[in-house]
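Student: I should like to take a close look at one part of this protein, namely the second largest pocket and its lining. Could you then set that part beside the other features of the fold?

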Amino acid sequence: MKPIRRIKKVDGREYWYEETPYYDPVSKQTRYKNSKYLGRNIDGKPVRVRDAPKEVQAQIRKNARTPAIRSTYDHGSVMLLTRVVQDLQLDQHLRTILSASDATMVTALAFNRILRPMAMKDVGTWYAGTSLALDSPPIILTGQRISELLDRIGTSTVPQQLMQRLLDENETKRTLIYDITSLSSHSALMNLLEYGYNRDGVTLPQINLSLIMDKDLGIPVMYDLYPGSITDVTTLTGTLQKLAAYGVNDYIAIMDRGFFSQHNLQEMVAQEISFIIAATFKLKEVKLLLTEAQRDITNVEYLQKFKKKTLYAKPVVLALGSNQLSGYLFYDPKRELEEKESFTGRLIDIRDALANVRLKKGQQPAAMRVAEIAGNLKKFFEWRQVEDRIEATIRQNAVAQRMNRMGKFMVFYSGDVDWLTALSLYRERDEIEKEMEMMKSDLEILPLHTHKDSTTSGFVFVVFLALLIRARLLRMMTEAGLLKNHSVSSLLLELEKFRKITLADGQVVTTEMTKKQRLILEALKIM
């Protein structure tokens with residue numbers, strides 16, 4: 001509906017406002033939003049004090065009382081996130097695939113994860129203190145309503161519809177970075193929760209979350225949930241099938257060594273998918289290739305410079321069934337020295353710690369103490385119990401084998417890729433690890449407090465939206481050169497001081513913007 005003008009009477013005085021009417025399906029009444037103060041009613045017309053003749057201004061000021069402040073609202077940070085949502089066209093996408101009230105609720109929940117993550121039962125109180133409550137259609141954010149919303153989303157195709165739209169927006173060949181992480185929970189009611197390899201070292205059942213990021217856009221564009229016992233290498237086939245179902249075929253996939261297996265490699269070769277993947281040295285064929293290739297790795301013909309540092313890049317070929325897979329063996333002498341220093345230092349610390357152990361009857365047995373102190377480096381020690389002590393020695397052959405691989409790693413690819421492209425794109429996959437860490441720390445997704453598969457799926461969708469918005473904001477800050485002086489959190493905290501105020505006479509005004517706030521918004525091209 002078009003905006004209309006109407007008069008409101010406050011404390012016996014009349015004021016003109018311009019407002020946009022809309023139909024509220026909940027109350028089944030016409031309501032108004034986007035209220036804009038036009039001025040005092042003077043002879044049937046809106047007149048602002050500063051625009052009136054001097055004699056009229058004097059009379060108005062004489063008769064008027066300074067209106068008291070009714071409420072204040074966080075506005076600057078909300079305004080910025082709203083602009084990011086508009087930049088991503090998320091507002092249009094959500095309004096298309098959700099009802100107006102659900103789209104508003106989902107956006108509010110995503111903003112809350114970014115600005116002030118809290119229990120769902122408390123989100124309504126936070127929302128009422130932001131300008132979202134002033135500028136958005138009225139919604140009810142009780143714990144029950146939120147749970148019902150998450151359940152609806154978790155049992156619908158809403159996440160898939162949004163991901164389809166995100167993937168459709170960039171039709172040119174793209175670089176997709178793929179990774180997976182674990183989400184743990186104490187709940188005993190979710191079928192997806194299973195014990196498996198936990199990347200955070202937590203001994204709880206988990207859900208595995210895969211995430212795909214568009215490197216060029218700098219945002220996540222797709223995710224999926226798997227039972228916690230499913231291994232990384234097993235998830236890739238399903239992900240490739242889903243990408244094909246979304247109509248995404250022309251891309252290059254960047255993956256870590258956790259997805260390196262003969263099955264995955266053969267699957268990608270068979271589907272003619274371009275990829276760059278780091279190799280694991282667990283495979284016998286890769287070990288043999290490393291042994292052969294490193295004999296002349298320091299030959300000057302392989303010497304290269306990457307980001308002002310020298311390294312060696314030697315082309316290698318891995319036999320893969322009836323196919324051959326091309327790749328590069330990279331050797332960084334400086335990194336080798338750093339890894340050896342760190343590794344041997346840890347071994348010495350563990351050996352000394354084991355020597356200081358004194359075992360007592362009724363306490364942990366020797367094997368448990370060794371496992372506790374040595375952790376994943378236990379295989380590099382031989383030990384025995386002598387009375388109440390542990391005698392431990394470092395295994396020379398095991399250490400030599402590990403040190404032989406230090407400073408070296410292999411990257412394989414399909415297609416026409418030179419060493420610089422292979423290394424650059426693989427190194428840039430660090431971005432998705434930052435996204436994963438951002439999701440777990442800044443957005444506080446862990447531990448999961450949901451108790452049903454459907455509500456968990458809905459909650460992950462909200463967190464995905466929050467991650468998408470925050471990642472886009474981070475890219476904007478990077479391009480604007482703001483990361484020198486601000487983190488995402490500190491920037492949003494600074495803008496939070498820019499507030500909206502409602503006065504007793506119904507006016508809505510904003511506080512004066514500080515120089516620092518103005519410079520931030522100008523750099524981000526918001527002003």
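**The second largest pocket and its surroundings**

Tutor: Helix H4 gives the second largest pocket 7 of its lining residues, the largest share that comes from any element. Please keep in mind that the model is predicted.

The pocket has a volume of about 820 Å³. Its lining consists of 32 residues, and those that lie nearest the centre of the pocket are Arg95, Thr104, Asp135, Ser136 and Pro137. You may find these five in the structure and use them as a guide to the middle of the pocket. By class, the lining is made up of 16 nonpolar, 10 polar and 6 charged residues.

Which helices and strands each supply at least two residues of this lining? Two of them are strands, E2 (13-24) and E3 (29-42). The others are helices: H2 (76-87), H3 (90-97), H4 (100-115) and H6 (132-135).

A pocket is open, whereas a cavity is a space in which a 1.4 Å probe fits but from which it cannot get out. The model has 3 cavities of 30 Å³ or more, and the largest of them has a volume of about 50 Å³. The residues that line this largest cavity are Leu176, Tyr178, Ile212, Leu236, Thr239, Leu240, Leu243 and Ala253. By class, 7 of the lining residues are nonpolar, 1 is polar and none is charged. Strand E6 (174-184) and helix H9 (232-245) each contribute at least two residues to the lining of the largest cavity, and H9 has the largest share, with 4 residues.

Let us turn to the strands. Strands of a sheet pair through backbone hydrogen bonds, and the pairing is either parallel or antiparallel. One open sheet has 3 strands in the order E5-E17-E18, and their pairing is antiparallel. Strand E5 (69-74) and strand E18 (508-510) are the edge strands; each has a single partner strand, and therefore one side of each has no neighbour in the sheet. On average, neighbouring strands of this sheet are turned by 25° against each other, direction ignored. Strand E17 (residues 499-503) is joined to E18 by 3 bridges, and lysine 500 stands opposite threonine 510 in E18.

Further strands form hairpins. Strand E11 (residues 303-306) and strand E12 (residues 309-320) run antiparallel and are joined by 4 bridges. Phenylalanine 306 has lysine 309 in E12 as its bridge partner. This hairpin has 2 residues between its strands, and lysine 307 in the turn has a positive phi of about 50°. E12 also pairs in the antiparallel sense with strand E13 (residues 323-331), over 9 bridges. Here valine 316 has glycine 327 in E13 as its bridge partner. Between E12 and E13 there are again 2 residues, and glycine 321 takes a positive phi near 60°.

Another hairpin is formed by strand E14 (residues 381-386) and strand E15 (residues 389-394), which pair in the antiparallel sense over 6 bridges. Tryptophan 383 stands opposite alanine 392 in E15. The hairpin of E14 and E15 has 2 residues between the strands, and glutamate 387 takes a positive phi near 55°.

Finally, consider the helices. Two packed helices are described by the angle between their axes and the distance between the axes. How do helix H12 (residues 333-355) and helix H14 (residues 396-404) lie, and at what angle do their axes cross? The axes of H12 and H14 come within 10 Å and cross at roughly 155°. Because angles over 145 degrees count as roughly antiparallel, H12 is roughly antiparallel to H14. The crossing of H12 past H14 is right-handed.

H12 has a similar relation to helix H13 (residues 366-374): their axes come within 10 Å and cross at roughly 150°. H12 and H13 are therefore roughly antiparallel to each other, and H12 passes H13 in a right-handed crossing.

To return to your request, the second largest pocket is best followed in the structure from H4, which supplies 7 residues of its lining, towards Arg95, Thr104, Asp135, Ser136 and Pro137, which lie nearest its centre.

Notes:
Residues are numbered from 1 along each chain as its sequence is written. This is a predicted model: local features need pLDDT of at least 70, side-chain atom pairs count only at pLDDT 80 or more; totals for chains, interfaces and linings use all residues. Side-chain values use heavy atoms; hydrogens and water are left out. Two strands pair if DSSP finds at least two bridges between them. On a 1 Å grid over the protein atoms alone, a cavity is a set of points where a 1.4 Å probe fits but cannot get out, and a pocket is an open set with protein on both sides within 12 Å along at least five of seven lines; lining residues have an atom within 4 Å of a point. Grid points are joined across faces, edges and corners, and a volume is the space filled by probe spheres set on the points. Ala, Val, Leu, Ile, Met, Phe, Trp, Tyr, Cys and Pro count as nonpolar, Asp, Glu, Lys and Arg as charged, and the others, Gly among them, as polar. Axes are lines fitted to C-alpha atoms, for helices over the stretch in contact, and angles run from 0 to 180 degrees between N-to-C directions. Angles under 35 degrees count as roughly parallel, over 145 as roughly antiparallel, 65 to 115 as roughly perpendicular and the rest as oblique. A crossing is left-handed if the near helix is turned anticlockwise from the far one by less than a right angle, and right-handed if clockwise.
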